[in-house]
Amino acid sequence: MCLREGVGVEQNSELAFAEIIILAETNNYNLAHYTAALMLLQGEGVATDEKRAFKHFHEAAKGGVQPALYNMGNCFAFGRGVEKDEEKAFRCYEAAAEAGDPSAKFTLGTWYFSGKGNIPRDTLKAFQLQSEAANEGHPAAMFNMGAMYMSGSVESIEKDLNKARQWFEKAAEANIIEAAINLGNMYREGYGVEKDLMKAFNIFHQYSNRNDICKELAAIVKKEIDSNL
């Protein structure tokens, strides 16, 4: 890991992979299988080999490495290293979610919301999974919680703009730009909050160097503030 990340030594991905693959294939270390799979999937220090990556994800998952099961789901979902199979992807995501993986809960939640993979659409189940993932720190799930509370699109869950604002704040702090845009617009329009153009400007301006929409909105709101002086 030191060679891979350049901690205390010069970074060398090729040498790092060579050492990690020995630990995986000779010593059967579960975390080495997982790291080797990531490097093979990304072409880090070795030529990209999705089939070989899947094999190592599978070995890591058998050894109890939780994120490996989620990554197996991604491989099945997108046909990376294996034939695309949404049913197998769903089973992997479901098992990973039951094991507590926040990313699996997030992904599974999006599938339930849209009815992907031929599973029955269940917005309440989707909401519950997104809520668990969001409360465990998953940024995109935080955004989805805000969106669901804002739209009131989930059966038996009331529209709640205050909770929407709170989740958008958390997602924006986790660098989800779309959350910052929604949050800024809430203050700009006085939607669910007291209208506050300066607060809207500050939110847009904070992200203006990273996003053109935020840059444009900051300029628009600045003109609105100036026109009210």
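**Exercise 1. Decide whether Ser 156 is buried or exposed, and describe its backbone.**

Solution. Ser 156 has 61% relative accessibility, so it counts as exposed. The cut-offs are under 20% relative accessible area for buried, over 50% for exposed and partly exposed in between, with a 1.4 Å probe and protein chains only. Next, place the residue: Ser 156 is in the loop between helix 9 and helix 10. Helices are DSSP runs of H or I with at least four residues, strands are runs of E with at least two, and both are numbered from the N terminus. Last, look at the backbone: phi of Ser 156 is near 75°, a positive value in a residue other than glycine. Most residues other than glycine have a negative phi.

The model is predicted: local features need pLDDT of at least 70, side-chain atom pairs count only at pLDDT 80 or more, and totals for chains, interfaces and linings use all residues. Residues are numbered from 1 along each chain as its sequence is written, and side-chain values use heavy atoms, with hydrogens and water left out.

**Exercise 2. Find where Asn 118 lies and state its phi.**

Solution. Asn 118 belongs to the loop between helix 7 (102-114) and helix 8. Its phi is positive, about 65°, although Asn 118 is not a glycine. With a relative accessible area of 80%, Asn 118 is exposed.

**Exercise 3. Describe how helix 8 packs on helix 9.**

Solution. Two packed helices are described by the angle between their axes and the distance between the axes. Axes are lines fitted to C-alpha atoms, for helices over the stretch in contact, and angles run from 0 to 180 degrees between N-to-C directions. Helix 8 (residues 123-135) and helix 9 (residues 139-151) have axes that come within 8 Å and cross at roughly 135°. Helix 8 is therefore oblique to helix 9. Angles under 35 degrees count as roughly parallel, over 145 as roughly antiparallel, 65 to 115 as roughly perpendicular and the rest as oblique.

Now list the contact, meaning heavy atoms within 4.5 Å. Phe 127, Gln 130, Ser 131, Ala 133 and Ala 134 of helix 8 meet residues of helix 9, including Met 142, Met 145 and Tyr 149. The residues of this contact divide into 8 nonpolar, 3 polar and no charged. Here Ala, Val, Leu, Ile, Met, Phe, Trp, Tyr, Cys and Pro count as nonpolar, Asp, Glu, Lys and Arg as charged, and the others, Gly among them, as polar.

**Exercise 4. Do the same for helix 10 and helix 11, then examine Arg 165.**

Solution. The axes of helix 10 and helix 11 are 8 Å apart, at an angle of about 135°. That makes helix 10 oblique to helix 11. Among the residues in the contact are Arg 165 and Phe 168 of helix 10 and Leu 183 and Met 186 of helix 11. The contact divides into 9 nonpolar, 1 polar and 2 charged residues.

Arg 165 lies in helix 10 (residues 161-173). Its relative accessibility is 16%, so Arg 165 counts as buried. Not counting residues up to four places away in sequence, Arg 165 touches Leu 183, Met 186, Tyr 187 and Val 193.

**Exercise 5. Which residues of helix 12 are buried, and what do they pack against?**

Solution. In helix 12 (residues 197-206), the buried residues are Leu 197, Ala 200, Phe 201, Ile 203 and Phe 204. They cover an arc of only 165° around the axis, so they lie on the same side of helix 12. The arc is that of the directions from the helix axis to the C-beta atoms. These buried residues pack against helix 11 (177-189) and helix 13 (212-227).
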